[in-house]
Amino acid sequence: MFCSKCGAEIANGHKFCNKCGTKVFEEKKHTHHLVTKNLERKNGDSKKVVIVLGIIFILIVALLVTIIIAAMEI
Ligand SMILES: [Zn+2]
């Protein structure tokens, strides 16, 4: 990216311009965007966790029913 004040090139990851010392703001915007993306990803993961827990719950209930039926037959 380039400095908004003097136009000097600023290497990625640098927070200040090497020529004039102006703070680079583009980095912050980028970070905010990443945080938003991470939050969206977390929401998607929690949905997946609920689905997985539901499947596990159904499997446990099915297993218990099978055990109860087997016990009754004996
Ligand atoms: Zn500059």
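1. Is glutamate 9 buried or exposed? In this predicted model, glutamate 9 counts as exposed because 11 C-beta neighbours lie inside 10 Å, and a residue is classed as exposed if that number is 12 or fewer. Along the chain, glutamate 9 belongs to the segment before α1, the helix that covers residues 26-73.

2. Glycine 7 is likewise placed in the segment before α1, and here the count is 10 other C-beta atoms within 10 Å, so that glycine 7 is exposed.

3. Two spacings within the chain may be set beside these assignments. Glutamate 9 and lysine 19 are ten residues apart in sequence, and their C-alpha atoms are separated by 9.1 Å. For glycine 7 and cysteine 17, also ten residues apart along the chain, the separation between C-alpha atoms is 9.2 Å.

4. Turning to the protein chain as a whole, its secondary structure consists of one helix and zero strands, and buried residues make up 0% of its 74 residues. As for contacts with a separation of 6 or more, residues 24 or more positions apart account for 3% of them in the protein chain.

Terms used
Residues are numbered from 1 along each chain as its sequence is written. This is a predicted model: local features need pLDDT of at least 70, side-chain atom pairs count only at pLDDT 80 or more; totals for chains, interfaces and linings use all residues. Helices (H or I, at least four residues) and strands (E, at least two) are DSSP runs, numbered from the N terminus. A residue is buried if 20 or more other C-beta atoms lie within 10 Å of its own, exposed if 12 or fewer, and partly exposed in between; C-beta atoms are placed from the backbone. Two residues are in contact if their C-beta atoms, placed from the backbone, lie within 7 Å.
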